[in-house]
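Reader: I'm about to set something up from this model and I'd like a close look at one part before I trust the coordinates. Could you walk me through the stretches where the confidence drops, and then show me something to set against them?

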Amino acid sequence: MARRATVIREERNKGQRILVLDAGASLLNDRDPAKKTLGKSSIEIMNLMGYDAMALGLLDISPLGLSALRQRMAEAKFPMLSANAYISGTKELVTKPYIVIEMADHHVGILGLTEAGSTDEVMAIDPIQAAREQIPELRRQADIIIVLSHAGPETDQQIADQVPGIAVIVSGRNQQGAEAVGLPSGAILLHADSASPGHAGENVGVAHLSFDKAGHLLKQDWRRVVLDGNWSDDPQIVEWMRRTPTP
Amino acid sequence: MSHDSSTRDRAFGNPKRDLLLALGGFAAFVVLSFGVLVALNPANAARLRSLGIKSPSGEKPIEITLIHTNDTWGYTEPCG
């Protein structure tokens, strides 16, 4: 995390417009302190790093339950998004489906998607259906559309094929390698990392995106940053880690 | 006499035509007012947008740096 924070800080220091996004399954899994604190430690550190939004994956919902998840959402300084995760047996979404962020004189719409599935309290319906329903509405409010998805790569590509107007899909879940893929629709699909036990959060994706005045993606320059020993630790995060015992 | 009569016609107009004009003007006023009220009502904004009103767009191109992560599982170590 300390190296990730350094990458983010260095990009911020370049004085460009920055979005910091997470495509889900980043609150907790099998390790402390996130496991012990039910994701509270993850929220604290993502707040420090200045995340703008996160999609909810089922892994962020299932181990917590609704009550603890709502606590985490209240602690977060950024929205956790899902356009297809409903409280079971209701038509009520667990959280906001999307947000719109103003950047210069543009409006960037960010829609969150969860992989289809269910927990005791939450039912995540077909993300393609949710994207079909929500993105047209979002397009009326935003000229640049980013989908933050934990739906999986095949589903993400189907969404790009079937739902017009998407510029970028930031994709989560495990898939082949980290990459930036140009899709036939003109959207690009970005994927930073594939997690495995003992190895998660080791890569960050950095994309420089150029849009025309109508919000159409003109060009992109993407790179995967491997958070190896060439990166120094961010002092603020080091201090946080000193105060927070880790195994 | 005929001169007096035509002068009176010009001064007072045709009562039937004037009535039609007045009714037409009133109807136009009602329709326009209703349109303005509907357009200003937020509840109708989304419906009007769906009829083809354009998305917002900027006046200049924009460059954005997007930093993204996924599936970090809340790990603080080994590195990321």
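Author: Start with residues 1-9 of chain B: pLDDT stays under 50 there, and the model has zero contacts for them beyond four places in sequence. This is a predicted model, and that run isn't alone. Residues 40-53 of chain B also stay under 50 in pLDDT, though here the model has four contacts beyond four places in sequence. Helix α3 (residues 42-50) of chain B has the lowest mean pLDDT among that chain's elements, 41, while strand β1 (residues 62-69) of chain B has the highest, 97. Where pLDDT is low, the predicted coordinates shouldn't be read in detail.

Taken as a whole, chain B averages a pLDDT of 68, with 51% of its residues scoring at least 70. The scores for the model are ipTM 0.95 and pTM 0.82.

Now for something to set against that, over in chain A. Helix α5 (residues 127-139) of chain A and helix α6 (residues 153-162) of chain A have axes that come within 10 Å and cross at roughly 30°. Angles under 35 degrees count as roughly parallel, so α5(A) is roughly parallel to α6(A). Their crossing is right-handed. As for who touches whom, α5(A) brings Pro127(A), Ile128(A), Ala131(A) and Arg132(A), and these meet Thr155(A), Gln158(A), Ile159(A) and Gln162(A) of α6(A). Sort the residues of that contact by type and you get four nonpolar, three polar and one charged.

Conventions
Residues are numbered from 1 along each chain as its sequence is written. Chains are lettered from A and ligands numbered from 1 in the order in which they are written. This is a predicted model: local features need pLDDT of at least 70, side-chain atom pairs count only at pLDDT 80 or more; totals for chains, interfaces and linings use all residues. Axes are lines fitted to C-alpha atoms, for helices over the stretch in contact, and angles run from 0 to 180 degrees between N-to-C directions. Helices (H or I, at least four residues) and strands (E, at least two) are DSSP runs, numbered from the N terminus. Angles under 35 degrees count as roughly parallel, over 145 as roughly antiparallel, 65 to 115 as roughly perpendicular and the rest as oblique. A crossing is left-handed if the near helix is turned anticlockwise from the far one by less than a right angle, and right-handed if clockwise. Two residues are in contact if their C-beta atoms, placed from the backbone, lie within 7 Å. Ala, Val, Leu, Ile, Met, Phe, Trp, Tyr, Cys and Pro count as nonpolar, Asp, Glu, Lys and Arg as charged, and the others, Gly among them, as polar. pLDDT is the predictor's confidence in each residue, from 0 to 100.
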